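Biologist: I have a structure to learn from. Can we go through it in short questions?

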Amino acid sequence: MSGLVWVFPLRTDATSGAAKRGKSFVHVAEASWGKGLSTLLRIVRLTLRHPWQVAITIISTFIAATLQLFIPRLLGRAIDQAQGVLTAGAGPAAEHALWNTALTLLVVSILRGLFTMAQNYYGEAVGHRTGYELRLAFYEKIQRLSFSFHDRVHTGDLITLGLLDLDGVRMFFSTGILRVVLLGVLIGVGAYLLISTDLVLGLLSLSFVPFVAWRSSVTQLALRSTWLTLQERLSVLSRVMDENLGGIRVVRAFAAQRHELEKFDRAKQDALDLANQRVGIRVSNTSAMNFSFLAAMGLVLWFGGQKVIAGQISVGTLAQFLTFMTILQMPVRQLGLMVNSFARASTCGTRLFELLDTELDIEDAPDARDLVVTDGMLRFEDVGFRYAGAGRPTLSGISFEARSGQTIGIVGPPGSGKSTIAHLIPRFYDVTSGAITIDGQDISKVTLQSLRKAVGVVQQDAFLFTTSIENNIAYGNPWARETRIGQAAEYAQLHNYIIGLPAGYTTVVGERGASLSGGQRQRLTIARSLMLRPSVLVFDDSTAAIDAGTEQRIRAAMKRFAKDRVTLIISHRLSSLMHADQILFVEGGRIVERGTHEELLALGGRYRALYDLQLRPDDDRPVVTGAA
Amino acid sequence: MSTHSGDEKEDTSGRPTKAVVGSHRDEEEVFGKAYDPRIVRRIWNFVKPYRGRIYISVAAVLVFTLTQLAIPLVIRYAIDHGMAAGRLDRSVMIWATGAFATIILINYGASYVQESVVGKVAENVLSDLRRAMFSHLQRVSLSFMDKTEVGRLMSRLQGDVNSMQEFLETSVMSVGDIVLLFGIVSVLLWLDFRLGLLTLSTMPVLFIVRLFWLPRAKVAFMAAHETNSIANGALAEGIHGVRTVQSLERQHVNFDLYDEKVLANLNVHLRSARYAQVMVPIVDTLTGFAMATVIVVGGSMVLSHSLDVGIMVAFLFYIQRFFDPIRSLTMQYSVMQRAMASGQRISEVLDVPVDVSDKDNAVKLSRDMDGTVEFRNVTFGYRQNLPVLKNVSFRVNPGETVALVGPTGSGKSSSMALVHRFYDVWSGQVLVGGHDVRDLTQDSLGEQVAMVLQEPFLFSGTVLENIRYHKTGANREEVVRAALAVGAHDFIENLPDGYDTELEQRGGNLSLGQRQLISFARALVADAKILVLDEATASIDSYTEMLIQKALIKLLEGRTGLVIAHRLATIRGADRIIVLQNGEIVESGNHEQLMAIKGLYARLYNMNYASFDDISEEEMGMDAAVGKAT
């Protein structure tokens with residue numbers, strides 16, 4: 001049993017992976033002022049990549065807002081004209097004046113409508129185009145960031161970043177910048193017009209503006225922060241539901257429905273309380289804003305009425321003030337949304353740009369050349385590796401070489417670093433010391449594309465894309481002909497199964513498609529890797545779910561295929577790699593035993609101990625189960 | 001396959017023929033009938049408990065709308081009776097301002113009551129609806145759950161419930177809109193019938209325009225929504241599959257494909273923006289037209305003293321609010337259609353029959369029962385005329401361990417599910433402790449029958465919470481004792497926070513073997529008399545495997561065990577082995593007996609694999625044929 005001590009304490013790759021992981025993006029709650037400002041400027045620069053549309057939008061906004069300011073004036077004038085104030089009594093002149101005003105008003109309204117349309121449309125268009133560019137940039141970055149980045153950052157956070165945060169940035173132009181222009185014109189020019197007409201009434205008409213602006217901003221910021229909390233609580237709730245429905249058999253098996261309902265009720269109540277609280281915040285704000293607006297209107301009516309009675313202003317002028325207030329009301333109430341847009345854009349933008357600015361830690365060297373495979377000689381030269389942030393190295397002093405046609409088996413306890421070896425060859429991670437060469441070319445000095453085309457890794461947990469089986473197999477070479485896809489499936493012992501399906505090779509698999517068993521998924525992954533005809537083919541514990549008989553047939557079928565490439569088999573099942581030309585036993589990141597199966601058995605070390613445990617003839621098998 | 005050779009090169013310059021990014025699921029029906037009394041009644045049942053508050057808020061909406069209608073009238077009164085030439089009167093101004101102040105106070109109160117009551121009721125109804133669905137799903141038959149994608153259920157619990165909330169909130173508002181609309185119309189006609197009629201003539205124009213516009217716009221809006229989810233799906237896939245993408249060097253291909261999707265999304269959005277914005281100048285033109293009419297016609301009337309100037313001012317005020325209710329009411333129509341479609345789907349969930357439920361006179365299975373499990377002539381299946389178990393009879397005595405063995409599809413898992421009454425048998429009986437499971441309460445049955453499933457499912461929460469999942473009252477010592485017994489204690493202690501380590505979703509931060517051990521500890525804490533266990537098939541590293549084997553002994557100690565066994569060691573350790581094939585018991589006995597009769601079991605055994613699952617179906621088939629031949 002001495003051979004078994006190595007696995008203790010039980011530590012899997014999965015646990016160490018989780019420990020490595022940090023949360024770097026979600027927790028930038030609010031950016032600092034300076035950073036926020038530079039983020040906003042960067043968003044402005046991004047929108048300025050569409051200078052014409054930005055110009056059209058801003059000019060339209062100016063014109064539309066100015067035209068809107070004319071409407072109260074025209075209405076006021078019409079009222080005065082109707083009273084004959086301006087024409088000194090009724091008569092054709094007065095009628096004519098009314099017609100004039102009416103037509104002007106009609107034209108102004110139509111133009112205002114058209115310019116508002118232009119403002120809104122181009123405002124949105126600029127946002128959508130900026131969003132389009134950001135989405136592409138984001139997608140490209142995500143696809144190129146190395147494995148260590150993806151180990152570190154949760155996929156859920158990345159998705160949030162690419163959807164919600166990106167939206168926050170995209171909307172900044174129309175909900176932030178344009179509103180500034182609009183409000184600037186309406187309040188600035190409007191205030192000038194009103195105050196120059198009548199100082200007291202002008203100030204009274206505007207009196208609600210500061211209050212409403214302040215209330216609305218404060219409320220929006222409060223709603224924003226509670227929104228984030230609400231989202232968290234809702235995600236707790238959906239996790240409870242999702243887990244319950246996914247694990248319904250366990251729930252039933254333990255008769256735990258009541259317990260689950262309690263869990264649900266707690267999560268539900270948390271979300272509900274906050275939602276109700278938010279309704280409260282929102283509503284008290286709306287009614288307060290309404291009230292202050294109407295109160296200001298009452299004041300204008302009272303003082304304006306006095307002035308009319310005193311003969312200082314006309315009824316038309318009073319009506320002009322009142323209508324002006326109704327026009328100003330909406331944009332001022334939306335001021336809070338503008339403030340919110342600024343806050344959102346600066347935090348979202350800071351996060352998004354942080355990602356877009358992340359340096360690629362694995363990319364082509366400046367003078368990288370394409371890998372040229374001649375003999376197909378893979379060499380590890382004293383390779384050491386340490387995961388970023390990890391205390392001790394995962395691999396050290398790994399040296400071996402393999403020629404084309406050879407098979408190398410790598411075996412070892414969980415967490416020994418055997419999978420890491422597989423990940424170093426296609427440069428999913430870069431070695432910390434030493435070098436890996438293929439036909440004498442250091443893999444860190446060749447182009448990534450040529451390297452990864454030459455190295456195929458059949459991964460442990462196969463990701464299937466939601467598309468046809470055919471497209472999945474041809475994933476690395478989507479131009480491939482059907483015959484080659486069939487060939488790869490035959491090698492992987494999957495062809496017979498596929499043609500038995502009603503839709504054959506066009507059967508959709510993946511998350512939303514037909515479900516495949518673990519073994520079938522792994523076989524599909526094998527077929528997928530064969531499509532690239534790599535010079536180095538690595539099986540990273542990728543046959544665990546395939547039964548031994550099928551595995552043997554795969555091996556037999558691939559014999560011819562394996563002739564002109566290096567094959568690396570990483571497994572904890574000895575039967576998968578006993579036949580290898582050389583077997584490396586890895587433990588604690590070092591190769592502790594190496595040789596052929598027979599040599600290692602003869603050695604009587606760890607390999608031997610593992611062999612005894614797994615494949616000892618049955619009669620000696622310890623009976624470990626049962627009450628007998 | 002002679003066409004294939006190493007030299008053959010595909011043309012990789014063109015568009016890849018076999019590549020897509022992202023997937024697209026057919027969206028569920030978004031719009032239903034605008035009004036379906038059945039669904040409305042159903043939803044009303046959920047609103048009913050809050051009907052008092054609904055009445056209050058409808059009353060508040062009415063009051064609020066009336067105050068809005070009244071404001072221009074007060075202004076009109078002030079102008080005509082206090083300021084108009086020749087009628088200057090300060091006392092009128094005091095009255096008018098007083099009235100104005102009163103109205104805005106009422107307005108303030110009404111708006112507060114209306115919005116907060118509606119908002120909160122909607123939140124509560126939504127929450128109740130969700131709970132009703134969720135708790136119903138806890139009771140519906142597993143055959144429904146087997147058939148239904150979790151994602152689909154989740155979208156009902158979330159999306160559909162949310163669109164009901166939107167509906168509830170806006171329906172109360174639309175009461176206000178309708179009142180406002182009719183209010184404005186009547187006030188205008190009342191103030192001056194002729195001018196009112198003239199001004200209102202623009203209103204039908206907007207109605208007609210909206211009727212033409214709405215269906216087309218809706219298509220554009222829907223398309224925007226749909227391409228959004230397509231593009232987002234492609235992004236999510238790119239993130240989830242990034243390791244595969246990189247290892248197969250698909251970045252360039254994917255980028256181009258993604259670009260196409262995002263570009264399509266952009267264009268659709270621009271189109272829907274055009275649809276949305278084209279209404280702006282139309283409404284503005286109509287408003288301008290109505291105002292111009294008032295100025296020309298009303299103005300002349302004022303000039304000829306047949307109309308008070310205050311009325312003209314009031315008209316101008318009303319016109320500015322004129323089109324709002326029409327706009328929101330036409331929108332409300334789509335909201336209703338969407339709500340009906342959602343309501344339909346919600347009802348579907350609520351209507352799923354509960355076919356396994358306690359009898360009225362169901363008895364509790366007591367802890368003192370003997371622990372036998374017996375199948376008497378059980379026939380059972382999932383689809384009609386396709387029985388999975390055919391007339392199966394066997395008995396497991398107290399304390400005995402029976403291994404169920406057989407190829408995939410032989411009915412092992414179904415037998416296991418029947419012990420726990422996940423389903424009801426077609427004919428025959430399943431007895432636990434001498435009682436037909438249909439006569440027992442499901443809760444008490446669940447307490448005495450512990451189950452360990454093949455795929456150990458862990459919930460998010462700490463390790464501790466997971467182990468005492470069944471017995472939330474269990475204290476830490478009990479949990480530790482169970483973990484020690486199954487050999488899980490050591491690795492749990494090595495986790496960052498020991499027993500208080502938070503598990504990631506579905507225990508993602510643990511290996512399969514570790515999850516298995518935790519699920520054993522969970523079953524041990526449950527301390528049931530009968531254990532039903534489905535052994536994991538996937539290969540686990542040798543050391544954990546040993547721990548699991550040891551834990552099994554511990555787990556079965558003093559319990560009746562029914563084990564779906566995959567590993568030879570487990571099978572050989574059982575007291576009795578039952579071999580199933582095609583839903584029938586073909587052999588039964590202990591290892592030696594079964595080997596002696598040289599039947600299916602002996603053949604499986606002699607293939608000499610470490611586990612029966614190493615034997616592929618094809619080999620089984622081959623072998624069966626050979627077996628028949630000999």
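What follows is a set of questions and answers on helices and single residues.

Modeller: This is a predicted model, in which local features need pLDDT of at least 70 and side-chain atom pairs count only at pLDDT 80 or more, while totals for chains, interfaces and linings use all residues. Residues are numbered from 1 along each chain as its sequence is written, chains are lettered from A and ligands numbered from 1 in the order in which they are written, and side-chain values use heavy atoms, with hydrogens and water left out.

Biologist: How do α11(A) and α3(B) run relative to each other?

Modeller: Helices here are DSSP runs (H or I, at least four residues), numbered from the N terminus. Helix α11 covers residues 257–309 of chain A, helix α3 covers residues 90–137 of chain B, and their axes cross at roughly 165°. Axes are lines fitted to C-alpha atoms over the stretch in contact, with angles from 0 to 180 degrees between N-to-C directions. Angles over 145 degrees count as roughly antiparallel, so α11(A) and α3(B) are roughly antiparallel.

Biologist: Within what distance do the axes of these two helices come?

Modeller: Two packed helices are described by the angle and the distance between their axes. For α11 of chain A and α3 of chain B, the axes come within 9 Å.

Biologist: Is A:E260 buried or exposed?

Modeller: A:E260 lies in helix α11 of chain A. Buried means under 20% relative accessible area and exposed over 50% (1.4 Å probe, protein chains only). A:E260 has a relative accessible area of 0%, so this residue is buried.

Biologist: Which side chain does a polar contact join to that of A:E260?

Modeller: A polar contact is a pair of N or O atoms within 3.5 Å; within protein, one must be able to donate a hydrogen and the other to accept it, and residues adjacent in sequence count only if both atoms are side-chain atoms. At 3.1 Å, the partner of A:E260 is A:K263.

Biologist: Which residues of chain B is A:N276 in contact with?

Modeller: A:N276 also lies in α11 of chain A. Its relative accessible area is 16%, so A:N276 is buried. Contact means heavy atoms within 4.5 Å. Leaving aside neighbours within four places in sequence, A:N276 is in contact with B:K120, B:E123 and B:N124.

Biologist: Why is α17 of chain A largely enclosed?

Modeller: Helix α17 spans residues 482–491 of chain A. Its buried residues pack against helices including α16, α18 and α19 of chain A. The helix is largely enclosed because the number of its ten residues that are buried is seven.

Notes
Angles under 35 degrees count as roughly parallel, over 145 as roughly antiparallel, 65 to 115 as roughly perpendicular and the rest as oblique.
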